[in-house]
Each structure stands twice: as structure tokens, then as C-alpha cells.
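Open the model in your viewer and keep the selection panel at hand. The stops below say what to select and what is there.

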Amino acid sequence: MNVDANPVGAAGAPAFAARVPGAPAEDANGNGPASPRALVQDLSFYYGPNQALKRVNMPIADRRVTALIGPSGCGKSTFLRCFNRMHDLQPGSRYEGSIILHPENIDLVGREVDPIDVRMRIGMVFQKPNPFPTSIAENVCYGLRLRGMRGRVQLAEAVERALRGAALWDEVKDRLHAPALALSGGQMQRLCIARALATNPEMILFDEPTSALDPIATAKIEELIAALREQVTVLIVTHNMQQAARISDYTAFMFLGELVEYASTAKLFTNPSQKRTEDYITGRYG
Amino acid sequence: MDKIELGQHILSRYNEDLEQLRTDVLQMGGLAESQLRQALHALATSDSSLATEVANLEVRVNQMEIDIDDECNRTLATRAPAASDLRLVIAIIKTITDLERVGDEAHKIANIVARRGGLERGSVDGHRIVRHLGNVALELLHDALDVFARLDAPAALAAVRRDRQIDEEYDAIQRQCMTFMIEDPRTIRAMIDLMWVARALERVGDHAKNICEYVIYMVGGRDVRHVAIEDVERQLEAHAATAAAELAPSAGTGS
């Protein structure tokens, strides 16, 4: 694995101010070096006897897009799902290691941490758009109501903010109470993003968010992800390597449950340091 | 990644496309090389019919530049190459520009022969003065194409170093020409022709050096343009040391 040793103290104030390994002094947008929002340390995950993740170590850069690439079955979705504890209900599953979320340094996969709290802070968007069979506005309100928000004005404002954030407001503002399932695939996916945004998460996980969409809808989602990185940390799994190259700042290549290489996207796609990465991204794998 | 393999793509047509591109570049390089060889021969023999042949080759070299460029465009658009494949295509796009310019320089030399019937051989033997420079430039071009064919980064670096020899030789010729012109103003016309020839050969050396630099980039991903050779050598040595340490069994602990 090719991540430089990263100094991580348990309460490591200098650790999360430290630069993300492989990070250029400035990114393409002229922003300064990113500091890690989360640090994955020796993370292993087991589905019963099967070890799906093998001691993964990597930082997740704050307010940047990190892409996970790798062939099917390499563990990238499993890795992503660890971040909001999606495996908890799977019988016989087990986490080892930790995902430390800064600045409080809580361990996302620690037993003492409530998965509901984790999911309030870390939203997720899936491959197939999965809005609830209710109205557009209700979909966005769902998480807020769970949190106990009741005021109509407050909720209406939050709906507008989330829908604007997901670049969907102009298309649906006249039919907020229409059924969500009547939207197009791309709109539904943006509605799911709005739903994830409504609770003001710090991080959003995307599991192949555009693989069921046409190129135009895909472009809109990509544009949206680029805008989201201003406020939230994004972790995205994608099979489309060009997409990873286009939208991410950092890329991690995984293979058979291991993290093979983690580097800035520009470096990984032009001059990877590992042969396995090179073979995969140039289409020589197999 | 200090090794570059063109084959073994899952898409076999992709292998063939990249291999074809590389073959085309080498063919174009061969044409540019023979253009220069003929231009130098024309200069040595003051044979203006050879000069016409150089002009004919120029047309073919230019056409190859356009064709290879088109093929690179198509590859970029349809295959979206990454990593070493991307570096190969980028290096090819740049290499053919330099090769085309080598052709231009050869053409310039041939033009002097065609217009003036060669360098004057009065009191000063112009050809004798540039003969050595011509041979070194030709050799360097040949080596640049050779390292391109073999994807040999260390040899490319050695070739880059030899461009200095050409630059020194060029400076010496300039000084010589100036001395002759001061001594006898009747030689001015001949000396200016001679300086044009020397200048063209010096440029050929630069183009060959550029090609070597693209090879270093293509193989190891290191951009060595505008970097002192000594620094590049130090970097390569440091890199080799790290690679050797990584290969040591104690370091193979994965993540």
C-alpha cells in the first residue's frame, strides 16, 4: 500500500491539520492543501468468515472528493458502507480497526457510537434512485422530521435550501407536492441528494450514483458533486474511471479487499506507482 | 512504474492501435533521418539533384505528421487512454512535431545547396567546417529514434547529455565564421550560408534532445524539460534506490 505514513495521534490535533499524503500544495481550484476529515486506520471487515476488507489505511480529505475505484468485488462498496454503518444489520458481520472522524475524533465503527447519529452526519446516495413513495417535499423533510423539526416555515425553508443545493429547485418548485416517483431518473437521483443534504451532513457517500443515468443526467450529477465539495466531504464509488478522473481530487484503487494505491487523482491517472493500478486503469486487468 | 508495456490490453484492437502508432512514428523518424542524411550528402557533394529529393521527402514527412496526429486524436477521443498509454500518446504527439521540424531543418540545408550550388570552396572549405557537426547531429537523431523504439530511459538521458557537445561545436563554428569574416569581408556571403547550415544542425540536435526527453517522460512519468541533467540523474538514482528498498523482502508487508 502506498499511503505515506500519516502521524495520527488519538487526540491528534496536529494529525488532522497534517496534509493529506500525496496532496499537491494546491489543488486544481487553487485551494490550499486539504486536511483529513476522517482517518481510516487498519480497517478490516468480515461478512461471517469472509474477510471483505483487509487492514485499510487512508485519509479522507476534508471538503474534497475522494473516489474509490476497483473491479467488482474488490470491497469498495463494503468500505463505503462502513462509513454510515450499513452493515450493522448483516448477521455475523464484524468491524476491526477504526474510522476516526475529526474534529471530535469519534470512531464511526466503534460499538459505543449510535449508527443513527452517524447517519445524521453522513448521508448516502445509492446506485438506483430510491425516493420514498411520497411527495417531493416529504422526501426532503423525512430526515428533518426524524430529528424533531416541526415548524412548517422552517421545514419549507429547509426543503428549498436542500433542493437548491441539489440543483433541482427550479425544476420542481411548482410541484413540490407531486409524487416523487413521477420524476425522471436523473431528477429522482438529485432528489435523493437533496434528501441527504437536508440534514446538513458533513460527508456524503455516493455508491455509483450515475450508473443508471443517461449522459446528460450524469453530467448534472457530476456538476452537482463538484459544487457540493465546497461544503461537504464526498466519498464516491464509481466504475466509470473517467468519471473518477473528472470529479475527484483523490483516488483510491482497491483490489481484493486491499487498498493498493491512494494518491491525488492527477497522479494516479497519469503516473501510478503500483503496477496493479496501472494495469487496471489502462484496461490491462484480467 | 519504470516499465512500459504496450500489449496485454483486454481490448486487442487497442494493443494494435498503439503498436501501429509507435511503428508510424518510427517510420516517420526514419524518413526525417534519411532527409537529413541526404541533405548532408548534398552539401558534401554540392549535388543539387539530391537537394530536390530532400524536398520530396519533406512532403511525405509532413503528411505523416498530419496522419499520426489524426490517429492520436482518434485514440484520445475513443479510448480515453490513462497512465502509460496516455503518456505514450502525449509523447507521440510531441515527438512528431520535433521530427517534422528536423525535416524542415534538412530542407533548409538542401535549399542552400540548391540555390547556391553548395558551400563555397574558395579560400575556406565550408563543408569541412560543418562536417563534424553534421555527423554528430545525425548520430544523435539516430540514437533518439533508437531509444524511442526501445523505450530506454537511461540511454535517453545519455543522449540528452550529448546535445551539449553539439552546442559547443556550434559555438566554435560561429567564432570561426566571425574570424573569417573579419579577416576577409569577401567571405561574408559564404560564411552566412555556413552559419545557416550550422544553425540548422544545432536545431536538429535540440529536436533529438527533446525526443529523448519525451522518452524519459513516457517511460517513468518524469518531466525533465528545463531541468539540469545533473538534477535528473540525481532524481533517477534516488528513485532507483527507493525501488530497490521496496523490493527488499522486509519491506513487502503490504498496507
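This is a predicted model. Start in chain B with helix α3, residues 83-116. The helix holds 34 residues. From first C-alpha to last, α3(B) reaches 50 Å, close to the 50 Å expected at 1.5 Å a residue. Now step just past the end of α3(B) and pick B:G117. Its phi is positive, about 70°.

Stay in chain B and select helix α2, residues 48-79. Pick B:V54, which lies in this helix. Is B:V54 buried or exposed? B:V54 counts as buried because 26 C-beta neighbours lie inside 10 Å; the cut-off for buried is 20 or more.

Show what B:V54 touches, leaving out residues up to four places away in sequence. The contacts are B:Q35, B:Q38, B:A39, B:A42, B:A106, B:H107 and B:A110. Set a distance between B:V54 and one of these, B:A39. The two are 15 residues apart in sequence, and their C-alpha atoms are 6.4 Å apart in space.

Move to chain A. Select strand β1, residues 36-47, and strand β2, residues 50-61. They pair in the antiparallel sense over 8 bridges. Which residue of β2(A) is the bridge partner of A:A38? It is A:I60. The two strands form a hairpin with 2 residues between them. In the turn, pick A:G48; its phi is positive, about 60°.

Keep β1(A) selected and add strand β4, residues 93-101 of chain A. This pairing is antiparallel too, over 8 bridges. Pick A:V40 and look across to β4(A): A:I99 stands opposite. So far, β1(A) has been seen paired with β2(A) and with β4(A).

Next, colour the contact between the chains. Chain A gives 20 residues and chain B gives 16 residues. On the chain A side, the elements that give two or more residues are β2, α9 (241-247), β10 (258-264), α10 (265-270) and α11 (275-281). By class, that side has 7 nonpolar, 8 polar and 5 charged residues. β2(A), from the hairpin stop, is thus listed among these contact elements.

Last stop: colour chain A by pLDDT. The mean is 87, and 88% of the residues reach 70 or more. Select residues 1-17 of chain A, where the pLDDT is below 50. Beyond near neighbours in sequence, this stretch has 34 contacts in the model. Where pLDDT is low, predicted coordinates should not be read in detail.

How values were computed. Residues numbered from 1 in each chain as written. Chains lettered and ligands numbered in written order. Predicted model: local features only at pLDDT ≥ 70, side-chain atom pairs only at ≥ 80, totals over all residues. Pairing = 2+ DSSP bridges. Helix = DSSP H or I, 4+ residues; strand = E, 2+ residues; numbered from the N terminus. Expected span 1.5 Å × (residues − 1). Buried ≥ 20, exposed ≤ 12 C-beta atoms within 10 Å, placed from the backbone. Contact = placed C-beta atoms within 7 Å. Nonpolar A, V, L, I, M, F, W, Y, C, P; charged D, E, K, R; others polar. pLDDT = per-residue confidence, 0-100.
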